[in-house]
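Notebook open, structure loaded. I'm going through the helix packing, then some odd backbone spots.

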Amino acid sequence: MALVEVQVPDIGDFDEVAVIELLVKVGDSVKAEQSLITVESDKASMEIPCATAGVVKELRVAIGDKVKQGSVVLVVEAAGDAVAPAPVAAPAVAPVTAVAPVAAAVPAAAAAPVASGPIHVMVPDIGDFKDVAVIEVMVKPGDSIKLEQSLITVESDKASMEIPSSHAGVLKELKVKVGDTVNIGDLLAILEGAAGAAVPAPVAAAPAVVAAPAAVATVAVAAVSTPVAAPAHNPTATPALGLPHASPSVRKFARELGVPLAEVQGKGPKGRITLDDVQGFTKSVMAGVVQTSAQKAKAPAPASAGGGGSELGLIPWPKVDFAKFGPIERKEMGRIKKISGANLLRNAVMIPAVTNHDDADITDLEAFRVSTNKENEKSGVKVTMLAFLIKASVAALKKFPEFNSSIDGDSLVYKQYWHIGFAADTPNGLMVPVIKDADKKGVLQISQEMGELAKKARDGKLSPAEMSGATFTISSLGGIGGRYFTPIINAPEVAILGVCKSNMEPVWDGKAFQPRLMLPLSLTWDHRVIDGAAAARFNAYLGQILGDFRRVLL
Ligand code: CAO
């Protein structure tokens, strides 16, 4: 039996698309042409099919990865002699996906800024498709339409695609409704145009356009991409696979809000999830009427539960047209920022957190660290202050075990292992690698591991295992600066230590001021588990250890 690498086929004009769903897992038997993954651009989603029947041996992509033509999606052990063992692209079947409106063959007169007046927006070239069904109308008369804004979603049995507007203007009349079928050149909508709002210049060939009468510019948008991809989004098949049935813009909207689409009931045609369904779901969650499965799974014990946040009675996030006030640049947030942002928000909202600030005298410890590094110069391992902090924190966690616990329902789980996470600043955002069993390791070994893990974090090469299992986290801004800050607890941990830059300060010894190197400590703790007195004791004990590390031995 041959191992076959299944590649992304020709996906038309798309350079890179994001993997948004994995439809199979290792060990699954797959049929030829069965969909393997769903990929999505900002305008369309499509499914990549399998080139051959067999058993999935290896998945080479994860959700969030970017792929392009030729990327290997997975490895299949082909059934029988079905297929030659060379890597094969998935069947370059049919179409597509909609797309960025490539400007149409617009007559010079129409391409120039047009005077105010009705503009006819028509169905562009949509590949080989005929009679595609309108499954969603995204605008209504009276709406202000931006250039390239999606107007409707159409769907064949292979793909769903959004048709963008060729012009900006106010929507006067919609010529299609859900359930209609449309073809290239059909009139979609009439806009009241604004001067200068037309598609800039003709680029690609598209439906020929009739020169406009004096007052009416008739333009077709060429929302074209050369077909190819897969037996794509099949609305009848997807529910069977348990996948949500929704257009790309609805999926994107749901992702931005963090709405689990699989839990939204679609009220559109054939159970399709519409924008209204996602909004309705969000309102129900905010009102506390509905809980997502993630909320249900993570909800702490009723006595300590924060619920879904509905009781906060939050008003909507301010919507500001920033461009009104000055030039702007819009950049999509990176994947890691989005993921860590969602976690930080939950932790900030759900944990009654308090921060205690204190200072530790590290004069002697810093002198010891510097001399150790001099002695060890040749070894290549640099002992860092953070490594001492990890070791000192383990001693404090052992003395105050509730700081090494987690809430689980009505219970507190006291962990008898000491895995310490440390926040690492990377070009992609904040990551938290974990030093496992820090209690069993020396400061040198911790320093070395930290260096390796921090490098992996910066290179984006940390494995999930290297980021999981922490019982306590340290966030050090010591190499950068600052005095104190209020770190956010990394749930389900119950405390986090923030450290800033040490400073020489005059410290009163009872007789005189002495210059001492003082390290600012900020300990944030979960008030459901820990109280202020315990936090003050924890910091004081940590300070004693950092002041005289021999105490670790006691
Ligand atoms: N006080 C004074 N100097 C300090 C210090 C402290 N508390 N901690 C570190 N330094 C010094 C180091 O000694 C080093 O100096 P030299 O180069 O002269 O030896 C310099 O600062 C740089 O240290 P570093 O940052 O490279 O090493 P580290 O072990 O302190 O930290 C790591 C490693 C990965 C934690 C760090 O690089 C990092 O990413 N920090 C940011 C963490 C972060 O973003 N936290 C905020 C999370 S909340 O948004």
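**α8 against α10.** I started with helix α8 (residues 385-399) and helix α10 (residues 532-547), whose axes come within 9 Å and cross at roughly 135°. Axes here are lines fitted to C-alpha atoms, for helices over the stretch in contact, and angles run from 0 to 180 degrees between N-to-C directions. Helices (H or I, at least four residues) and strands (E, at least two) are DSSP runs, numbered from the N terminus. The pair α8 and α10 therefore comes out as oblique. For angles, under 35 degrees counts as roughly parallel, over 145 as roughly antiparallel, 65 to 115 as roughly perpendicular and the rest as oblique.

I noted the α8 and α10 crossing as right-handed. A crossing is right-handed if the near helix is turned clockwise from the far one by less than a right angle, and left-handed if anticlockwise. On the α8 side I listed Phe-388, Leu-389, Ala-392, Ser-393, Ala-395, Ala-396, Leu-397 and Lys-399, and on the α10 side Phe-538, Tyr-541, Leu-542, Ile-545 and Leu-546. Contact means heavy atoms within 4.5 Å. Sorted by class, the contact of α8 with α10 has 11 nonpolar residues, 1 polar and 1 charged. The classes: Ala, Val, Leu, Ile, Met, Phe, Trp, Tyr, Cys and Pro are nonpolar, Asp, Glu, Lys and Arg are charged, and the others, Gly among them, are polar.

**Ground rules.** This is a predicted model, so I kept in mind that local features need pLDDT of at least 70 and side-chain atom pairs count only at pLDDT 80 or more, while totals for chains, interfaces and linings use all residues. Residues are numbered from 1 along each chain as its sequence is written, and side-chain values use heavy atoms, with hydrogens and water left out.

**α8 against α9.** Next I checked α8 with α9, where the axes come within 9 Å and cross at roughly 120°. That pair is therefore oblique. Again I got a right-handed crossing for α8 and α9. The α8 residues involved are Leu-386, Ala-387, Phe-388, Ile-390 and Lys-391, facing Val-443, Ile-446, Ser-447 and Met-450 of α9. By class I wrote down 7 nonpolar, 1 polar and 1 charged for the contact of α8 with α9. Phe-388 appears in the α10 contact and in the α9 contact.

**α3 against α4.** Helix α3 (residues 248-257) and helix α4 (residues 275-286) have axes that come within 9 Å and cross at roughly 20°. That makes α3 roughly parallel to α4. The crossing of α3 with α4 is right-handed. Val-250, Phe-253, Ala-254 and Leu-257 of α3 touch Leu-275, Val-278, Gln-279 and Thr-282 of α4. I found 6 nonpolar, 2 polar and no charged residues in the contact of α3 with α4.

I also looked at the link between them: Gly-266 sits in the loop between α3 and α4. Its C-alpha is 9.3 Å from that of Asp-276, 10 residues apart along the chain. Leaving out residues up to four places away in sequence, Gly-266 touches Gly-271, Arg-272, Ile-273 and Asp-277.

**Backbone oddities.** Most residues other than glycine have a negative phi, and most peptide bonds are trans. So what did I flag? The peptide bond from Ala-491 to Pro-492 is cis, with omega near 10°, and Pro-492 is in the loop between β26 (472-476) and β27 (495-499).

Glu-148 has a positive phi, near 75°, and lies in the loop between β12 (144-145) and β13 (150-155). At a relative accessible area of 35%, I logged Glu-148 as partly exposed. Buried means under 20% relative accessible area, exposed over 50%, and partly exposed in between (1.4 Å probe, protein chains only). Asp-437 also has a positive phi, near 45°, in the loop between β25 (434-435) and α9 (443-458). Its relative accessibility is 25%, so Asp-437 is partly exposed.

**Thr-426.** Is this residue of β23 (residues 424-426) buried or exposed? Thr-426 is buried, at 7% relative accessibility. Its side chain reaches the backbone oxygen of Gly-429 at 2.6 Å. Not counting residues up to four places away in sequence, Thr-426 touches Met-431, Ala-457 and Arg-458.

**Whole protein.** Last, I pulled the totals: 10 helices and 29 strands, with buried residues making up 44% of the 554 residues.

Notes:
A polar contact is a pair of N or O atoms within 3.5 Å; within protein, one must be able to donate a hydrogen and the other to accept it, and residues adjacent in sequence count only if both atoms are side-chain atoms.
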